[in-house]
Amino acid sequence: MKALLNPEPSFSISSLQIKRSTYSDALPPSCLRFPLTNFNGRSRRRKLLRPHGGGLKMKAVLDSAMMEQFGLKESDIKNPALSSTYRRSEIPKANPTVLDAQARVCTGPTQTRPLSEEQAFKVFDTILRSARGELKGEEPVSKAQLGAFFAGMTIRANAFPEETQWSEGEKRAMDVFWPLLVRALPPDVLFIADPEGSLLGTGNSVGPSFVGNEAKEMRLVGALREVLAGGHLGYEEVKGVLRDVLPLGSEDGGLASGVSESLLSAFLIGQRMNRETDRELKAYCLAFDDELGGAPVADVKSLTHYGEPYDGNTRFFRSTLFVATVRACYGESSLLHGVEWMPPKGGVTEEQMLKFMGANTSLSVHQAKELIEVPTIVLTNVPQGSIASLTLYDPDEKAGFAYLSLREARPSLYSLMGMREHIKKRPPLATTEKVQQFVRATGKESIVAGFYHEGYEEPLLMLMRRRGVHSGLVVKGEEGALSMTTRVRAATASKGFPVNYCSGFRSLSSETALEADGVSRQSFNLEVDARNYGFEPTETPRTDRSVSKNIELGLAALRGEKGAAYDRIVLNAGIVDHLLGSEGAEDVAVAMERAKEAIDSGKALKKLLNYIEISRKMK
């Protein structure tokens, strides 16, 4: 295994013994003018420049040759220091006092933390003054916040265990403020706060008689009554509500459908607080599959859909973009998807990194399909047998991987961006958006998704089986993302599944998992210990919301610079290949070696460069 981490020099193009005239006809000029290996197979590594002062400049990540390769000028670069600067300024900010309270009370039956009397009085006073138009020095409490907060309070009272129901302080605060709130809040919020008129005593006759306005809102109100009581809904009922109300009218949460924002936010957070059933999750996952018509089909032997948490990483290196470039080098195509910025974490995302480097992040699903497909090069005038058993791919024509923004792939779901910030806690969509198939494949398909909270690994795998993919994998990476680490698990680690826990299935036949259910599927679960694969334990590189730092680490690794980021990219590529049952990865050591060769030969970095260049040409 020592050889795995210290490989022999990888082959260069010259070792293929192809005449330069033939090679230059087959490969793009960009690959010729910026070779990443010399003709002895040794990596030509450039040291990355260090940032100076408090701000990270683009030149701290890309030297002049790399910037020329991207076709960028320093003056053209949008270079925010932190991921939080990607938040869209047109989205109104939420009231911080109520938002903090939502973080405590709009969560699960065991995670909820009741408010103290002092906290409760402050929250209800803020809501009252905002409703009266008397709130000074703070953002008003939005309709979405009102819906989410009161839904949380109602569900806790109706369905939660005694220890997470209302505290004595919350009860006293409600006794004081409810008679005043009844006269200040709109009917839809009064309904959410006391739907049956049984929680808050006399003075509220709105709840039991409230039905909503138009037909769409009436359907939502009927479903919400069940949710506020701690109940569950059927597949068609959830799907019908979602298709009724989405897309919203604007990114700040306004509803074009005429449905109350408070009702919708209460519905979304209420379903998460009640812990969604499989039927409910399926509805969220599949409701908008046909929004833009049928998914295009890429002609590839395999396609892996990467489901990273959309709200990004705030602390540690996010490796999946760089893993995808590595896997593309040996024909394992990938589709990444996400958003530029997403609450609640608002961390570093693939879209931020690609946008930073100048890539087009507004590709359509059909353009993504074109980038994923990897046609082979047809070489002429090559002596017979000189490249026997070797398959070459044309990296300038296609990239072998693609990134799709939810903005382009599912506009209806993307329209919830602003409301999700005001809901504070993650709605059901935070789970189901990770299990999407925006592009299909003629060959085998796999889905890989990250998770953090125990109990969501099986629902994610259930959704993957429902999608009919050949292989599915859930990973508890760092921050609940997909990046497995080489760090040793601390003795004081929290309870539950450890970081690097993996669970999944792979289909052993050529038929889809859906068609072969119960016949050809092999299930597995394990904890990946990087030491077993020859990696020395290292601390995970910190990025602390810095888009620049994440790119710097990734590019240094793709240049062949050994270290923690390099190890993580190799580990994640090799383990995923092996667990998904990818061709040529039956032996995990061989899978790791293949990933290392893709980096050390310079092919992975060329893939990334070509992706940026090709995507920018797509309009």
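# Notebook: salt bridges, cavities and cores

I started at R487, which counts as partly exposed because its relative accessibility is 29% (buried is under 20% relative accessible area, exposed over 50%, partly exposed in between, with a 1.4 Å probe and protein chains only). I am working on a predicted model, where local features need pLDDT of at least 70 and side-chain atom pairs 80 or more, while totals for chains, interfaces and linings use all residues. Residues are numbered from 1 along each chain as its sequence is written, and side-chain values use heavy atoms, without hydrogens or water.

**Entry 1: salt bridges**

What does R487 pair with? Its side chain meets that of E478 in a salt bridge, 3.1 Å from N to O (the cut-off is a Lys or Arg side-chain nitrogen within 4 Å of an Asp or Glu carboxyl oxygen). E478 is at 3% relative accessibility, so I put this partner down as buried.

I then ran the search over the whole structure and got 32 salt bridges. I picked out D289 with R467, whose closest N and O atoms are 2.6 Å apart. D289 sits in the loop between helix 14 (278-286) and strand 1 (297-298), and R467 in helix 22 (457-467), so this pair ties together parts 178 residues apart in sequence (helices are DSSP runs of H or I with at least four residues, strands are E runs of at least two, both numbered from the N terminus). Buried or exposed, I wondered about R467? R467 is buried, since its relative accessible area is 9%. D289 comes out as partly exposed because it has 26%.

Next I looked up D600 and K562, a salt bridge with 3.5 Å between the closest N and O atoms. D600 belongs to helix 25 (588-600) and K562 to the loop between helix 23 (547-558) and helix 24, so parts 38 residues apart in sequence are tied together. Here D600 is buried at 10% relative accessibility, whereas K562 is partly exposed at 42%.

I also noted a network: K301, R327, E332, D577, E583 and R594 are linked by salt bridges.

**Entry 2: cavities**

How many cavities of 30 Å³ or more are there? I count six. For the record, a cavity is a set of points on a 1 Å grid over the protein atoms alone where a 1.4 Å probe fits but cannot get out, and lining residues have an atom within 4 Å of a point. Points join across faces, edges and corners, and the volume is the space filled by probe spheres set on them.

The largest cavity has about 70 Å³. I listed its lining as Y306, S319, T320, V323, V448, V475, L482, S483, M484, N572 and V576. Helix 15 (320-328) and helix 24 (564-579) each supply at least two of these lining residues. By class I get seven nonpolar, four polar and no charged (Ala, Val, Leu, Ile, Met, Phe, Trp, Tyr, Cys and Pro are nonpolar, Asp, Glu, Lys and Arg charged, the others, Gly among them, polar).

I zoomed in on N572, a residue of helix 24. N572 is buried because its relative accessibility is 4%. Leaving aside neighbours within four places in sequence, N572 is in contact with S319, V323, L482, S483 and M484 (contact is heavy atoms within 4.5 Å).

The second largest cavity holds about 60 Å³. D289, from my first entry, turns up in its lining, along with L292, G293, G294, A295, P296, V365, A409, R410 and F438. This lining divides into six nonpolar, two polar and two charged residues.

**Entry 3: nonpolar cores**

Which residues have the most contacts inside the largest nonpolar core? I find F124, I127, F149, F150, F267, V326 and Y611, in a core of 148 residues (buried Ala, Val, Leu, Ile, Met, Phe, Trp, Tyr and Cys, joined through side-chain atoms within 4.5 Å). Helix 24 gives the most to this core, nine residues.

I checked F150: beyond neighbours within four places in sequence, F150 touches F124, I127, M174, L181, L185, V189, I192 and A193. A second, separate core has 16 residues, V435, A449, F451 and M462 among them.

**Entry 4: two odd lookups**

D125 is in helix 6 (117-131) and is partly exposed at 28% relative accessibility. From D125 to L181 I get 9.5 Å between C-alpha atoms, with their positions 56 residues apart along the chain.

E236 is in helix 12 (235-245) and counts as exposed at 55%. E236 and R279 are 43 residues apart in sequence, and their C-alpha atoms are 8.8 Å apart.

Technical notes
On a 1 Å grid over the protein atoms alone, a cavity is a set of points where a 1.4 Å probe fits but cannot get out, and a pocket is an open set with protein on both sides within 12 Å along at least five of seven lines; lining residues have an atom within 4 Å of a point.
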